[in-house]
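Notebook open, coffee poured. I want to jot down what I looked up in this one, entry by entry.

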Amino acid sequence: MAVARLVREDGSVSIDPRVLARARARVLGTPSVSVREPVPAGAATASDGERVWLLPRWPDGATPALLEEYDTAPMPFERGGQARRVLAAALRCCWTRPDDAPWPGSPAAVADVLEVYAGMTRGTELARRWATGELRRLSETGWLLLDEASGTVRPGPRVALWADGSLTSLRALLHTLPQPPHRSSPSSPPPENPEHPSMNDPAVPRGRAAEKSAPVDDLPPEPGDG
Amino acid sequence: MDEVFEPLLREFDERRRAEVVAAYMAVEHAAEPVPEVRFAALREPAPRRAVEEMLGLSGRTLVKAGRDLWTSGFRDDVAAELARDPECVPPVRERAVLALVLIHSVAIPRAAGLLEDDTWVSPHPTPLDELRRRTRLPIGDLEAALRRLRMAGLIAQVKAGADDAGGFVPGPQFHRLTPDARRRLQEELILAAGPESPLAGAIRARRRSREREQREQRGNA
């Protein structure tokens with residue numbers, strides 16, 4: 001920005017590198033590094049074994065959903081209803097072991113996600129194109145990881161911020177969505193003791209899990225929808 | 001997980017602690033500045049200092065955004081450092097589109113006396129047609145830039161009303177500029193809009209003398 005050129009003049013101040021690393025992570029959203037590289041001390045992270053994503057860290061287990069209690073609007077996410085439906089369709093395909101946490105999940109074909117989405121919305125060809133745009137947007141914001149070259153998508157690191165307690169309703173909801181093609185039903189898996197090693201930050205950003213407890217097709221339209 | 005926040009929160013009892021956390025989350029994540037009447041920790045000096053120190057852990061600071069209204073933003077020194085990191089700076093096309101929105105929605109209305117001096121928030125939309133004509137960007141590139149700027153909260157879309165065609169205004173992130181950042185942005189706009197103007201000359205002179213001072217300080221150190 002224009003500001004950048006100006007500010008260069010007062011470069012004599014030194015900043016705690018940990019502070020700068022946290023500031024940088026905030027600017028970049030959910031940046032990732034190789035697991036072999038060091039992560040800033042005290043950072044919340046989600047790893048898929050190859051890369052480590054830096055996640056926001058909040059005090060006392062608070063999440064941005066806290067704003068609802070204070071009648072305070074969070075940063076708007078345009079066409080939030082549509083984005084949530086596409087995220088739900090992607091999770092339906094990528095969260096193949098519902099007893100585990102959704103992160104890191106497994107990759108699914110974008111075509112399968114669009115198929116599930118079409119089944120949810122009686123979608124037209126146009127709806128599919130919109131959904132492709134949403135996949136990109138969800139990928140840019142860390143909710144999904146989209147690999148356009150291979151035509152696959154998997155859960156994004158922000159999903160690792162969802163608290164255990166919020167997953168039950170999400171599991172139930174996803175179960176009601178159309179099944180992905182080429183895959184048998186994941187219903188009634190054997191009971192086991194679920195462990196969520198990457199859920200190191202019990203947080204549900206912006207109350208999305210709560211929103212998902214309603215049937216996705218019945219979500220109220222958001223101000224930015226359309 | 002709270003080892004970073006704990007030393008700052010330890011001194012408060014449970015109720016106060018919850019108020020400090022709520023205020024911290026509110027200034028960091030609310031779309032608009034929040035009123036101190038709703039967040040007790042913003043009303044009193046000690047808890048407000050704690051909020052400020054919590055923000056400082058990630059290079060941020062409290063920003064007063066009007067009477068009894070607060071938000072947060074990057075500290076000036078941290079913003080300067082981040083601006084040197086190419087990964088943290090938006091690409092040139094997005095900056096160009098944003099600059100045009102600032103010129104049309106803020107600089108021109110301000111010059112006409114329609115907007116007060118120290119604000120970057122404006123009700124005057126920049127029409128899409130104007131952006132298309134002035135940027136001369138292919139429509140796909142312009143739309144991609146607008147999409148990313150909207151997503152970052154740097155611009156907001158205004159739907160067409162009874163007597164205007166709608167368009168784009170500076171987004172909620174502009175509440176988060178510190179007083180110094182607002183001044184620098186103002187100076188940059190003057191330099192861009194009227195490089196030969198006496199005001200621009202004065203800004204350049206002031207900057208040169210500040211640079212000289214800093215060089216001397218570093219020389220003495």
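What percentage of the 226 residues of chain A count as buried? I get 45%, with buried meaning under 20% relative accessible area, exposed over 50% and partly exposed in between (1.4 Å probe, protein chains only).

**Ground rules**

I am working with a predicted model, where local features need pLDDT of at least 70, side-chain atom pairs count only at pLDDT 80 or more, and totals for chains, interfaces and linings use all residues. Residues are numbered from 1 along each chain as its sequence is written, chains are lettered from A and ligands numbered from 1 in the order written, and side-chain values use heavy atoms, with hydrogens and water left out.

**Confidence**

I checked pLDDT, the predictor's confidence in each residue, from 0 to 100. Chain A has a mean of 77, and 74% of its residues reach 70 or more. Residues 1-8 of chain A fall below 50, and I find 16 contacts for this stretch beyond near neighbours in sequence; a contact means heavy atoms within 4.5 Å. Residues 184-226 of chain A also stay under 50, and the model has 101 contacts for them beyond four places in sequence. Note to self: where pLDDT is low, the predicted coordinates should not be read in detail.

Chain B averages 91, with 98% of the residues scoring at least 70. Among the elements of chain B, helix α9 (residues 198-220) has the lowest mean pLDDT, 85, and strand β3 (residues 69-74) the highest, 97.

**Layout of chain A**

I count elements as DSSP runs numbered from the N terminus: helices are H or I with at least four residues, strands are E with at least two. Chain A comes to eight helices and six strands. Along the sequence I read α-α-β-β-β-α-α-β-α-α-β-β-α-α. Taking contacts in chain A between residues at least 6 apart in sequence, 69% join residues at least 24 apart.

**Around β3 of chain A**

Next I looked at strand β3 (residues 51-55) of chain A, where four of the five residues are buried. For pairing I need at least two DSSP bridges between two strands. Strand β1 (residues 32-34) of chain A runs antiparallel to β3(A) and is joined to it by three bridges. Strand β2 (residues 44-47) of chain A is also antiparallel to β3(A), with four bridges. A:Trp53 is a handy landmark: A:Ser32 stands opposite A:Trp53, and so does A:Ala46. β2(A) and β3(A) make a hairpin with three residues between them, and A:Gly49 in that turn has a positive phi of about 100 degrees.

**The β4-β6-β5 sheet**

Which strands sit at the edges of the open sheet β4-β6-β5 of chain A? They are β4 (108-109) and β5, each pairing on one side only. The three-strand sheet is antiparallel. Strand β5 (residues 144-147) and strand β6 (residues 152-155) of chain A pair over four bridges. I find A:Leu146 opposite A:Val153 and A:Leu145 opposite A:Arg154. As a general reminder, side chains in a regular strand alternate between the two faces of the sheet.

β5(A) and β6(A) form a hairpin with four residues between them, and A:Gly151 in the turn has a positive phi of about 65 degrees. A:Ser150 lies in the loop between these strands. Its relative accessible area is 44%, so I put A:Ser150 down as partly exposed. The C-alpha atoms of A:Ser150 and A:Ala109 are 8.3 Å apart, although 41 residues separate them along the chain.

**A:Glu140 and chain B**

Is A:Glu140 buried, exposed or partly exposed? A:Glu140 is partly exposed, because its relative accessibility is 39%. The residue is in helix α6 of chain A. Leaving aside neighbours within four places in sequence, A:Glu140 touches B:Arg147, B:Arg148 and B:Met151. The C-alpha atoms of A:Glu140 and A:Gly156, 16 residues apart along the chain, are separated by 9.6 Å.

**Second largest pocket**

Last entry. A pocket here is an open set of points on a 1 Å grid over the protein atoms alone, where a 1.4 Å probe fits, with protein on both sides within 12 Å along at least five of seven lines; lining residues have an atom within 4 Å of a point. The second largest pocket has a volume of about 440 Å³, which is the space filled by probe spheres set on the points. Of its 16 lining residues, the closest to the centre are A:Arg79, B:Glu143, B:Ala144, B:Arg147 and B:Arg150. Both α6 (125-140) of chain A and α7 (139-151) of chain B supply at least two residues of the lining.
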